[in-house]
Amino acid sequence: MTHQLADRFRISSGSDWNFSDLRRTHDLIAEIARRELGLDIYPSQIEVITSEQMLDAYSSIGLPLMYRHWSFGKRFARDEALYRHGYSSLAYEIVINSNPCIVYVMEENSMAMQALVMAHAAFGHNHFFKNNSLFRQWTDAGGILDYMEFAKSYIARCEEKYGEVAVERVLDAAHALMMQGVSRYPRRRGFDLADEARREAERREEEERTFNDLWRTLPEGRSPRILHPELAERQRLLGLPEENILYFLEKKAPRLKPWQREILRIVRQIAQYFYPQKQTKMMNEGCATFVHYHIMNRLHEQGVLDDGGMLEFLYSHTSVVFQPDFDDPRFSGLNPYALGFAMMQDIARITTAPTEEDRVWFPDIAGNGDPYATLREAWVAYRDESFIRQFLSPALIRKMKLFSVHDDGRSDLVVDAIHDERGYRAVRAALADSFDVIKHEPEIEIVDVDLDGDRRLLLQNRVHHGVMLEGEDTERVLDHLAFLWGYEVSLVEIDAVSGKVLRSFDAGPPDPP
């Protein structure tokens, strides 16, 4: 089939193409992806869009059928101004983790770039979405499109019934807490969006009947009677401590109305949907880049991609995986595309042409002769942090000139890991830690509620390495939290090692939501 199509069809660098060309190119790529790389993907849905539609997709965090909110318009205006004045460019594609997998491609792309985009997104990202264990655990690709349609129509109905101002107030508060609206550990019920719209009505009816049972017995003001004298009992009663603040508010906030709870649930589900992407950006992009590099080179070898198209591809590819030096004005840390692609290429090398050093460091994969199966297994089982900890090789550390620097913020910088066996392990551990999302986000939990007094909500932030919350932003977010909770809110920052209280914030009492 490949040779028959190649005889009739060529991919060039020109901008003259049609939808029939897209279909033929997709089919050629699909054969290579499945036969040579062994990729397992969702069906693909390719959508050709304009630059303005791409900007619109940017503004709504890449999800189709997104509900309305002023922040999306603000983001659109900013991105459009930067793009029109030449200060930023647009991505060649946006890909949606859904079934079917939706790939938005720019109509301005040449045919060679459309081939690159489809290889990268419709096959590389698509395979990663479908097979990586984090995505399988935390996302429902089959239900996300229907759920977003439900969410958009539900919020629109709320705006008609309760007013745009009231709905916007709840959305503002929910968005402010969105990063604290994910669960890092699975709950008992599997993650399933497909039945959310169907369950909304019965959930609302049940919550209207039961959610206030706890609060009906509580005093409005302070009472000398101690209803729950032990913290452990209060925590058992309320399911504390709880890291997912939106979940707690949705289930326990005493003054929220059912429609407000449902909006919190919508925002929480969207935050959870994006949770795996934060932990796998380097692996996901590395997988997609490795896939497109293999496929585009194979198309050129087969004579399907002409020399002009190949040069255009190589220019784009090298720009994507370019890693500026530390003293380059363009340097902003490690490029996840560069590191991910380099690690995928290095694993392929270790499996096919290992050195003695590789055999010592990677005895399970060195020389196994099957690079694509080895990579597919890694794409399933790891996230960025664990992937680096497992597969970053001394050879790649030397090639990328990586070393570890100790900076305590008080004294001069000290190089504490060089290119020896001990240093390689230290560099690998330090780099893995830098990709560990959990270590770079605030460790905030709801720990108590003053049930026997004014119902104040108490949160705690465990401070690691002296990194504290930004004061002004924290106060604004606590105002949103107090609005949703309906009573006063306090947050205490404590040292994670000593338990010493470092600082506290208070908000409220708010106006009723």
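This passage describes the fold, the sheet, the cores and some buried residues of a predicted model.

The protein chain has 22 helices and nine strands. Of its 513 residues, 51% count as buried. The accessible surface of the chain comes to about 24,900 Å². Carbon and sulfur atoms hold 51% of that surface. Contacts often link distant parts of the sequence. Among contacts with a separation of 6 or more, 74% are between residues 24 or more positions apart.

Four strands form an open sheet. Their order is β6-β7-β8-β9, and the pairing is mixed. The edge strands are β6 and β9, and each of these pairs on one side only. From one strand to the next, the twist averages 20°. Strands of a sheet pair through backbone hydrogen bonds, in either a parallel or an antiparallel sense. Both senses can be found here. β7 and β8 (residues 489-495) pair in the parallel sense, over seven bridges. Within this pairing, Leu458 has Ser490 of β8 as its bridge partner. Helix α22 packs on the sheet and touches β6, β7, β8 and β9. The direction of α22 makes about 50° with that of β9.

The other end of the sheet order shows the antiparallel sense. β8 and β9 run antiparallel and are joined by six bridges. One bridge partner pair is Val492 and Ser504, the latter in β9. The two strands form a hairpin, with five residues between them. Gly499 lies in the turn and has a positive phi of about 80°.

Helix α12 (residues 245-252) also meets part of this sheet. Its buried residues are Ile245, Leu246, Phe248, Leu249 and Glu250. These residues pack against two strands, β6 (443-449) and β7 (457-463). They also pack against the helices α8 (164-176), α11 (231-238), α13 (258-279) and α22 (471-485). Asn244 caps the N-terminal end of α12. A side-chain oxygen of Asn244 lies 3.4 Å from the backbone nitrogen of Leu246.

Glu250 has a polar partner in a neighbouring helix. That partner is Arg265, which lies in helix α13. The side chains of Arg265 and Glu250 are joined by a polar contact of 2.8 Å. Arg265 has a relative accessible area of 6%, so this residue counts as buried. The cut-off for buried is under 20%. Glu250 is also listed among the buried residues of α12.

The largest nonpolar core has 72 residues. Leu299 and Trp379 touch the most other members of this core. Helix α5 gives the most to the core, with 13 residues. A second, separate core has 62 residues, including Leu177, Val267, Tyr273 and Leu478. Leaving aside neighbours within four places in sequence, Trp379 is in contact with nine residues that include Leu39, His127, Phe128 and Asn132. Met283, Cys287, Phe290, Val291 and Met344 complete the list.

Helix α5 (residues 111-131) also holds Gln114. Is Gln114 buried or exposed? Gln114 is buried, because its relative accessible area is 1%, and the cut-off is under 20%. Leaving aside neighbours within four places in sequence, Gln114 is in contact with Trp17, Leu22, Val105, Met106 and Asn109.

Key: Residues are numbered from 1 along each chain as its sequence is written. This is a predicted model: local features need pLDDT of at least 70, side-chain atom pairs count only at pLDDT 80 or more; totals for chains, interfaces and linings use all residues. Side-chain values use heavy atoms; hydrogens and water are left out. Buried means under 20% relative accessible area, exposed over 50%, partly exposed in between (1.4 Å probe, protein chains only). Contact means heavy atoms within 4.5 Å. Accessible areas come from the Shrake-Rupley method with a 1.4 Å probe; for residues, only the protein chains shown count as cover. A polar contact is a pair of N or O atoms within 3.5 Å; within protein, one must be able to donate a hydrogen and the other to accept it, and residues adjacent in sequence count only if both atoms are side-chain atoms. Two strands pair if DSSP finds at least two bridges between them. Axes are lines fitted to C-alpha atoms, for helices over the stretch in contact, and angles run from 0 to 180 degrees between N-to-C directions. A nonpolar core is a set of buried Ala, Val, Leu, Ile, Met, Phe, Trp, Tyr and Cys residues joined through side-chain atoms within 4.5 Å.
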